[in-house]
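User: Please take a close look at one loop residue in this model and its side-chain contacts. I should then like to see the cores and the salt bridges set out as well.

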Amino acid sequence: MKISFSKYVILVLLHMVAVTGLYGQSPFSCSLIDPEGPVRPWGKCFGDLNNDGLTDLIIGGYTEGGLVYYENPGWQKIIISDRPGFSTDIEVYDIDGDNDLDLFCVRKNSIEWFENPGWQSHLVDSVLCHDLELSDFDNDGRIDIVARDQGEFGHRGDTLYFYKQITPLSWKGTRVICKDGEGLKVYDINDDKKQDVLINGFWFENTGDIFRWNEHQFTDTWTFKSAYIDVGDINGDGREDIVLSPSELKGMVYRISWFEAPPDPLDNWTEHIIEDQVEAVHHFVGVADFNIDGSLDVATAEMLQGDDPDEVKIYYSTGSGKSWIKQVLSDSGCHSMRIMDIDNDGDMDLFGANHNDRKIRLWVNLTK
């Protein structure tokens with residue numbers, strides 16, 4: 001029996017949907033938001049910048065193109081700053097309390113925040129950094145900053161830079177020495193209602209005083225110094241676990257792992273390997289329940305300088321994080337991606353770009 005080409009395509013698509021459902025994977029649609037975004041789009045973030053109830057996409061270009069946002073839903077590009085030098089991290093927060101989101105940016109040689117509306121820039125400090133996180137570390141009702149550089153490309157990632165907010169225009173800084181490397185994450189590790197700081201293999205316990213931190217090692221099995229970091233309760237035991245991917249350099253080989261939180265966070269955290277022997281160009285890892293099955297999954301992506309293919313992928317958790325099923329979304333690669341629900345439909349989407357490519361992409365989750 002002969003089958004027409006159109007019917008054949010329909011059968012193939014139905015088969016793909018069936019396979020997706022069988023293995024608990026999620027269908028995604030990839031959109032090219034801008035084929036010519038800022039040059040070297042290193043900084044990425046998201047937030048409702050125009051207060052219309054929709055999440056916008058934010059990109060900062062290191063070489064050209066400045067700082068822009070793409071207005072949801074039509075993705076019109078709005079220029080915030082036409083200056084170059086926007087580096088690898090951007091965070092959003094209403095720092096001045098006027099009910100719109102401002103932008104905190106790692107710049108070439110500084111940390112600055114941009115005031116919405118008008119986008120006037122304000123200098124926090126002249127310092128070379130790679131990662132940036134915002135949190136009220138001393139519970140005084142004012143957001144503070146922690147930042148860190150990276151330990152490759154002639155840089156040193158052996159210092160945590162803390163900034164206590166006095167006012168939005170005045171910050172008091174201190175420096176804490178840490179193990180050299182890359183990666184930064186903030187969350188309350190010991191559940192004492194104070195936000196701690198996590199890096200590659202170590203965490204810094206918040207004493208309530210932003211100028212005094214207690215260092216702890218959570219694992220001695222992870223020795224790779226450059227990592228991308230996220231947290232989430234992978235095994236469903238009510239404790240937040242740690243996920244690490246190797247983020248530098250091309251040609252190096254390591255693994256993607258999650259570390260099981262013990263009842264006492266001062267004890268050793270057991271490492272569970274998600275995928276072994278991967279190239280160390282996974283400059284993104286993020287945790288979310290992509291297929292809405294009640295278990296947290298792990299998304300990651302390889303940068304373009306890695307060996308082909310440069311996978312953007314999701315590892316779906318089965319067996320409380322003891323086994324994983326990989327779904328490759330594309331071979332376009334990506335860098336410092338972000339996870340958000342861009343269309344407010346209850347499932348999590350992905351957004352990003354390569355650090356050396358101007359193509360800005362959005363992966364919309366079609367589960368719901």
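Analyst: In this predicted model, the side chains of Ser 332 and Ser 330 make a polar contact of 2.9 Å. Ser 332 belongs to the loop between S25 and S26. Its relative accessibility is 15%, so Ser 332 counts as buried, the limit being under 20%. Leaving out residues up to four places away in sequence, Ser 332 touches Leu 304, Asp 310, Val 312, Asn 354, Arg 361 and Trp 363.

The two strands that flank this loop, S25 (323-330) and S26 (335-340), each supply at least two residues of the largest nonpolar core. That core has 27 residues, of which Phe 290, Val 298 and Leu 350 touch the most other members. Strand S24 (312-318) gives the largest share, 4 residues. Beyond its neighbours within four places in sequence, Val 298 is in contact with residues including Ile 234, Val 243, Ile 274, Tyr 315 and Trp 324. Another core, of 17 residues, lies apart from the largest one and has Phe 218, Trp 222, Ala 261 and Trp 269 among its members.

Turning to charged pairs, the whole structure holds 23 salt bridges. One of them joins Asp 357 to Lys 359, with the closest N and O atoms 3.8 Å apart. Asp 357 is buried at 16% relative accessible area, whereas Lys 359 is partly exposed at 34%. Arg 156 pairs with Asp 158 at 3.3 Å between the closest N and O atoms, and Arg 156 is exposed, with 52% relative accessible area. Both residues belong to a salt-bridge network that also links Glu 152, Asp 180 and Lys 225.

How values were computed: Residues are numbered from 1 along each chain as its sequence is written. This is a predicted model: local features need pLDDT of at least 70, side-chain atom pairs count only at pLDDT 80 or more; totals for chains, interfaces and linings use all residues. Side-chain values use heavy atoms; hydrogens and water are left out. A nonpolar core is a set of buried Ala, Val, Leu, Ile, Met, Phe, Trp, Tyr and Cys residues joined through side-chain atoms within 4.5 Å. Buried means under 20% relative accessible area, exposed over 50%, partly exposed in between (1.4 Å probe, protein chains only). Contact means heavy atoms within 4.5 Å. A polar contact is a pair of N or O atoms within 3.5 Å; within protein, one must be able to donate a hydrogen and the other to accept it, and residues adjacent in sequence count only if both atoms are side-chain atoms. A salt bridge is a side-chain nitrogen of Lys or Arg within 4 Å of a carboxyl oxygen of Asp or Glu.
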